[in-house]
Amino acid sequence: GGGGGGGDGTPQVATVAGGPLSSYSYSSSSSTSGKRPFTPIPVYRFRAKTGGGGGGGGEGSWEVVDLPGVDLTECNGTTPQPQGEGEGEGEGEDEGEGEGEDEGEGEGVDELVVVSYNVLFPHFHGEVLDTPRRTQAMCALLRAQKADVIALQEVTPPFLHALLAKPWVRENYAATASPDDHRTVSPDGQLLLTKLEVNGATTYGFNRSKKVILFDLFYRQKSQRSQRSRSLGGGKCRRLLVPSLHLTSDYRAEAGSTKVTERRLQLHTLLREYRRLEAQGIVNPLSDPLNDPLSGSSIPTDMLIVGDLNAASEYEDEQYELPTGFIDAWRVCHPNANVPESRAYTYDPANNPLAMLNSPPGKIARGKRCDRIMVCSSGWEPTGMWLLGTKPMLPPSEIKSKQSNNLWASADGGG
């Protein structure tokens, strides 16, 4: 956070791997907020100009993707696969990087890596944020994760331009904004990037400053076998709903109170959109391909809740009234999450000067796990989760090469 990480939230990574199957049920919730529909937004991919040298580092432009790319009702046979890491030269790219990353291509996906990162807009205290250097450090940090989905909050147009200029982004990711389309990041907002195939993207504004962007993705899950040789997933096409959320904070809440009610209503607005997609007949979270061979006719759909929820306490999610089946990835991977030595504050004013600087005046600044990744799935379970950007950036005098990716002080610990 104090450099290399967002000031009001340390980024999180959840590795969600297949098997063994955990059965999660889905039940509707009666509490919703607002009746306006989600608004479709375009999705962009970088297209290199012919003769421009090839790769993401050459000339080209971000162009709108024609969506949807396939008929989801027929994709259980052959499914487009996530794009592998490109082979073009990128900044600070080590020799041999990317070798073996396409191994097993065509067999499906057996692990998903998701990153959530509040990059901290420079609207306040800009004179001490060192935003240009923090931006480059965060871009390098994101690249190192090789994530399938990246959910960013508090993105500004300058940050967007810097990120989308990176060869590794141009070669591998679809995005919900482009250098010429700032509608979801002006003056700041959310950005989603993915290597998976995109069926659609939408956005919804909760209020003047808080919104959600939602990716509707699809991919083929790799067939696996458990110790009892039971096939898991069967290589079937799956649908993944991934939002980048930024919910109302307690910055202006009265002392001793929180805005958990607003956050609950905002989350239920997202769940209302999930139920709308469910009603299309393609989505069936209750399908069980393990016990019902015919369930393959309906595409299993998984949903993540990802982003800066501005949660005021460790167990605030118990007040969200989420449908049965949503689990907190951090608690699954760290069962003792609430004991001092296992706490993972993503807002940590005691150790992060930028978090302290952005704390509400007149209130006691306490550490909180504001940012969450929650999973509702019949075919995936969280296997690892850790914090990123936990070390200050190196001072300029200690950066040996401008081409180096190591702009943060040390390798990030695993929480």
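This is a short conversation about reading a predicted protein model.

Biologist: Where should I begin? How many helices and strands are in the protein?

Modeller: Start with the overview. The protein has 7 helices and 17 strands. Of its 415 residues, 55% count as buried. Please remember that the model is predicted.

Biologist: Which strands does β9 pair with, and how do they run?

Modeller: Bridges tell us that. Strand β10 (residues 211-220) is joined to β9 by 8 bridges, and the two run antiparallel. Strand β2 (residues 39-40) is also antiparallel to β9, with 2 bridges between them.

Biologist: Which residues face each other there?

Modeller: Proline 40 has threonine 202 in β9 as its bridge partner. Glycine 205 is opposite lysine 211 in β10. A hairpin through 5 residues connects β9 to β10.

Biologist: How do side chains sit along a strand, and how many residues of β9 are buried?

Modeller: As a general idea, side chains in a regular strand alternate between the two faces of the sheet. Here, β9 (residues 197-205) is mostly covered, with 7 of its 9 residues buried.

Biologist: Now a loop residue: why does glutamate 316 count as buried?

Modeller: The general idea is a cut-off: buried means under 20% relative accessible area. Glutamate 316 counts as buried because its relative accessibility is 2%. You will find this residue in the loop between β14 (301-308) and β15 (327-328).

Biologist: What does the side chain of glutamate 316 reach?

Modeller: One polar contact, of 2.8 Å, is with the side chain of arginine 263. The glutamate 316 side chain also reaches the backbone nitrogen of alanine 312 at 2.9 Å. Leaving out residues up to four places away in sequence, glutamate 316 touches Val260, Arg263 and Ala311.

Terms used
Residues are numbered from 1 along each chain as its sequence is written. This is a predicted model: local features need pLDDT of at least 70, side-chain atom pairs count only at pLDDT 80 or more; totals for chains, interfaces and linings use all residues. Side-chain values use heavy atoms; hydrogens and water are left out. Helices (H or I, at least four residues) and strands (E, at least two) are DSSP runs, numbered from the N terminus. Buried means under 20% relative accessible area, exposed over 50%, partly exposed in between (1.4 Å probe, protein chains only). A polar contact is a pair of N or O atoms within 3.5 Å; within protein, one must be able to donate a hydrogen and the other to accept it, and residues adjacent in sequence count only if both atoms are side-chain atoms. Contact means heavy atoms within 4.5 Å. Two strands pair if DSSP finds at least two bridges between them.
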